[in-house]
Amino acid sequence: MKIITVNTSQDVGEAAALVLASVVRDNPSAAIGFATGSSPMPLYEATARMDLNLNRIRGFALDEYIGLDAGHDQSYARVLQREVVNRLGLAPSQMNIPNGSASDPEQESEDFENGIRATGGIDLQILGIGSNGHLAFNEPPSSFASRTRVVELAQSTRRDNARFFGSIEAVPHFAISQGVATILEAKKLLLMAHGTSKADAVARALQGPVTEDFPASAIQLHPDATVVLDMAAYSACKGAPIASGAATNYQNFSAAGKETT
Ligand code: GLP
């Protein structure tokens, strides 16, 4: 695992954008898994500032709420349309999102999983982390063998996400989420976190026991995972980040970029 620590959330976005850019430059039709939530927003903003041709990438959502109206401002379909499709100038057809209003959400989940498989798998999966250790909407505990399926949101997740909805009552109880096994099959993972509210979850995910009781710890099992953190999000990890003379790839951003492996 490669851990990059930077100073600010904007730096997190810029360092992460270099990872995304290198995947797309190597493979212009890469399949990219897009996360929502606040953590990846600086990445999408930084990517929009780059001169990167994304016309051929194929996008896949990480998760989607069940039961929101299609046009609901906080459906991940709308968030991805706003923050990724519009911001990065993609065609809407480049983004695949499970339909949270489908009459049979289990079937919808299976079809989405099959769609990922049919495309040859995800090349880069962008991830955030929940304060309770969830990955996508895989709440503790979640099987490491899980696939895209219907999941129930933890009360703490509904509380965390109430800020997007105005009240906890308005946050859906269920979602369609890529499973932990689905995520682990991506060729490369890129996890981002910023702020002290994520510090404990980050430390447990990166340095704690690998356990289904803390789904984000599954990232330790992946052979090619990059984690980009600001110092606040890194602050509960043991040991100072080791400066390794910043790899060439990361020299183009203003932050005091440091890497540990
Ligand atoms: C959300 C999403 C996750 C996201 C996480 C953290 O509910 N389903 O994909 O990574 O929780 O969210 P945030 O980045 O807003 O803290």
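The paragraphs below lead through a predicted model, from its helix packing to its aromatic residues and a loop with unusual backbone geometry.

A convenient place to begin is the packing of the N-terminal helices. Helix 1, which spans residues 9-26, packs against helix 2 at an angle of about 60°, with the two axes 7 Å apart, and the crossing of this pair is right-handed. On the side of helix 1 the contact is made by Ser 9, Gln 10, Gly 13, Glu 14, Ala 16, Ala 17 and Leu 20, which meet Pro 42, Leu 43, Ala 46 and Thr 47 of helix 2. Sorted by class, the residues of this contact are six nonpolar, four polar and one charged.

Helix 2 (residues 41-48) also packs against helix 3 (residues 76-88), the axes coming within 9 Å and crossing at roughly 20°. Angles under 35 degrees count as roughly parallel, and helix 2 and helix 3 are therefore roughly parallel to each other. Their crossing is left-handed, whereas that of helix 1 with helix 2 is right-handed. Here Met 41, Tyr 44, Glu 45, Thr 47 and Ala 48 of helix 2 meet Val 79, Glu 83, Val 84, Arg 87 and Leu 88 of helix 3, a set that divides into six nonpolar, one polar and three charged residues. Thr 47 takes part in this contact with helix 3 and also in the contact with helix 1.

Two residues of this helix-helix contact lead on to strand 2. Phe 34 lies in strand 2 (residues 31-34) and counts as buried because its relative accessibility is 1%, the limit for buried being under 20%. Beyond its neighbours within four places in sequence, Phe 34 is in contact with Tyr 44 and Val 84, and also with Ile 57, Gly 59, Phe 60, Ala 61, Leu 62, Leu 80, Met 95, Gln 125 and Ile 126. Of these partners, Ala 61 is 27 residues away from Phe 34 in sequence, yet the two C-alpha atoms are 5.0 Å apart in space.

The aromatic residues provide another set of links. There are six aromatic pairs, among them the tilted pair of Tyr 65 and Phe 137, with 5.4 Å from centre to centre and 50° between the planes. Because Tyr 65 lies in strand 4 (residues 63-65) and Phe 137 in the loop between strand 6 (124-127) and strand 7 (149-152), the pair ties together parts that are 72 residues apart in sequence. Both of these residues are buried, and together with Tyr 76 and Phe 165 they form one aromatic cluster.

The loop between strand 6 and strand 7 also holds Ala 136, a residue other than glycine whose phi is nonetheless positive, near 55°. Ala 136 counts as buried, since its relative accessibility is 9%. Further along, the peptide bond from Pro 140 to Pro 141 is cis, with omega near -10°, and Pro 141 belongs to this loop as well.

Towards the C-terminal part, helix 7 (residues 199-207) has Ala 199, Ala 201, Val 202, Ala 203, Ala 205 and Leu 206 buried. The elements that cover these buried residues include strand 1 (2-6), strand 9 (188-193), strand 10 (225-230) and helix 8 (231-234).

A contrasting case is Arg 117 in helix 4 (residues 105-118), which is partly exposed, with a relative accessible area of 49%. Arg 117 and Glu 185 are 68 residues apart in sequence, and their C-alpha atoms are 9.8 Å apart in space.

How values were computed
Residues numbered from 1 in each chain as written. Predicted model: local features only at pLDDT ≥ 70, side-chain atom pairs only at ≥ 80, totals over all residues. Heavy atoms only, no water. Buried < 20%, exposed > 50% of the residue type's maximum accessible area, 1.4 Å probe, protein only. Helix = DSSP H or I, 4+ residues; strand = E, 2+ residues; numbered from the N terminus. Contact = heavy atoms within 4.5 Å. Phe/Tyr/Trp six-rings, centres within 6.5 Å; stacked < 30°, edge-to-face > 60°. Axes fitted to C-alpha atoms, helices over the stretch in contact; angles between N-to-C directions. Parallel < 35°, antiparallel > 145°, perpendicular 65-115°, else oblique. Left-handed = near helix turned anticlockwise from the far one by under 90°. Nonpolar A, V, L, I, M, F, W, Y, C, P; charged D, E, K, R; others polar.
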